[in-house]
Amino acid sequence: MKYEIRCSTCGRTSLDLLSFKCSSCGQPLEVKLDFAFEKSAILKRNYSLWRYAKSFPYAKESDIITLGEGWTPLVKFQNNTYLKLENLNPTGSFKDRGTTTLLSALHKSVKNAEGYVSEDSSGNAGASVAAYAARAGLKAKIYVPENVSGPKLNQIRLYNAEVVKVHGERSKVAFEAQKTEKNKFYVGHILHPLFRDGIRSLAYEIAEQSDWQVPERVYLPASAGTLLLGVLSGFKHLVASSVIETMPEIVACQTSQVSPLYHRLKKLRYTPPTKVESIADALVSVNPPLLDLMAERLKEAKGDAVMVEEDEILNAFRELAGKGFYVEPSSAVAYAAYKKQLKTKQTSKEDNTVIALTGTGLKTTLKLN
Ligand SMILES: [Zn+2]
């Protein structure tokens, strides 16, 4: 066995690729890798994340559903600071990394059962699942909060997915998407281990594009935790495989409104706002189901968390755009956090740094005077 899917809490193994939580205790599942990452296994002429196909053994090469995701540019920004342009993925966000592994592994089983896939999302993941389902010839039903931005909604609909708007909290949207219905297969990106696992590829790419000399720090926006957990798992795999010597310091970046991980890490009490009104509208998980796992894995890896205010996000968003990088405000949170740490001298422009720009600015509805 080259990998196992195991419960993050009780350790029970799951044999069904369609499972999204432990059948015994209900806690999140994780993919455990039982093989070493080998540079020689990289398919060098494949310019997508599938150049690492050998590292995703649950997706048969003949079953891969791809739109050319991954292998996004790592661009020098200033001094030793680099930007990883995840906004250039096929549907405009990093989510495509998880969707391609998830649906490559599952689309045949869903099709054989004459089923369709369901997902809950604040926008980007919904668009991604809708696109890859379309590519696989599967029907998708996407559950979204009422306030999801117009451009994201258009995108989901144009991929031919059915959209269900849910009134109430973000957790209610997830509940509706998971509700049992005939032929419905829930592939929710937050809970499904095969989605999170695809994000590992981002760590491989940062390492390969840095000539296997990993940066000192990597800044990631953190909300539901899929990006954070996936990247941590990827770097951990590279260390365990002796491909790199040490983990970079992973910095989880949150908004002051949505910062449960920051508060947990700093041992502070977190009181979420009754309504999230941040311009970083893709970061909405005030009570993320993976919070325990995020905190545990980030601590293990000696990572850090930073919280930024609205004006800092807006400034970072404008500054990036003013230098040609048009990303969504939620992505600018990582750059805002980096700038904050520059000010407090927790980092320096000379340190090798990677900031992930997670989503395109073309989906934003933010209007500036
Ligand atoms: Zn369990």
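**Exercise 1.** In this predicted model, how many bridges join strand β11 to β12, and how do the two strands run?

*Solution.* Start with the strands: β11 covers residues 249–255 and β12 covers residues 304–308. Five bridges join them, and the strands run parallel. As one point along this pairing, take Thr255, which stands opposite Val308 in β12.

**Exercise 2.** Determine whether the faces of β12 are covered or not.

*Solution.* Step one is the general pattern: side chains in a regular strand alternate between the two faces of the sheet. Step two is to sort the residues. Asp304, Val306 and Val308 are on one side, and Ala305 and Met307 are on the other. Step three is burial, for which the cut-off is under 20% relative accessible area. Five of the five residues in β12 are buried, and both faces are therefore covered.

**Exercise 3.** Describe the largest nonpolar core and the surroundings of Leu238.

*Solution.* The general background is that nonpolar side chains tend to be buried together in soluble globular proteins. Here the largest nonpolar core has 86 residues. Those with the most contacts inside this core are Val117, Leu228, Val231, Phe235, Leu238, Ile250 and Leu261. Now take Leu238 and leave aside its neighbours within four places in sequence: Leu238 is in contact with Phe37, Ala203, Tyr204, Ala207, Trp212, Val243 and Ile244. Apart from the largest core lies another, of 25 residues, with Val308, Ile313, Val327 and Ala336 among them.

**Exercise 4.** Which parts of the chain do the aromatic pairs Phe77–Tyr335 and Tyr219–Tyr338 link?

*Solution.* A search of the whole structure finds 14 aromatic pairs. One of them is formed by Phe77 and Tyr335, edge-to-face, with 5.4 Å centre to centre and 85° between the planes. Phe77 is in strand β4 (residues 74–78) and Tyr335 in helix α11 (residues 329–343), 258 residues apart. Phe77 counts as buried because its relative accessibility is 14%, and Tyr335 does so at 2%.

The pair of Tyr219 and Tyr338 is also edge-to-face, at 5.5 Å centre to centre and 80° between the planes. Since Tyr219 lies in strand β10 (residues 217–221) and Tyr338 in helix α11, this pair ties together parts 119 residues apart in sequence. Tyr219 is buried, with a relative accessible area of 0%, and Tyr338 is buried with a value of 0%.

**Exercise 5.** Which ring does the charged end of Arg51 sit over?

*Solution.* The charged end of Arg51 sits over the ring of Trp71, 3.8 Å from its centre. Lys2 lies over the face of Phe35, at 5.5 Å from the ring centre.

Note on methods: Residues are numbered from 1 along each chain as its sequence is written. This is a predicted model: local features need pLDDT of at least 70, side-chain atom pairs count only at pLDDT 80 or more; totals for chains, interfaces and linings use all residues. Side-chain values use heavy atoms; hydrogens and water are left out. Buried means under 20% relative accessible area, exposed over 50%, partly exposed in between (1.4 Å probe, protein chains only). Helices (H or I, at least four residues) and strands (E, at least two) are DSSP runs, numbered from the N terminus. Two strands pair if DSSP finds at least two bridges between them. A nonpolar core is a set of buried Ala, Val, Leu, Ile, Met, Phe, Trp, Tyr and Cys residues joined through side-chain atoms within 4.5 Å. Contact means heavy atoms within 4.5 Å. Rings of Phe, Tyr and Trp (its six-membered ring) pair if their centres lie within 6.5 Å; planes under 30 degrees apart count as stacked, over 60 as edge-to-face and the rest as tilted. A charge sits over a ring if NZ of Lys or CZ of Arg is within 6 Å of the ring centre and within 35 degrees of the ring normal.
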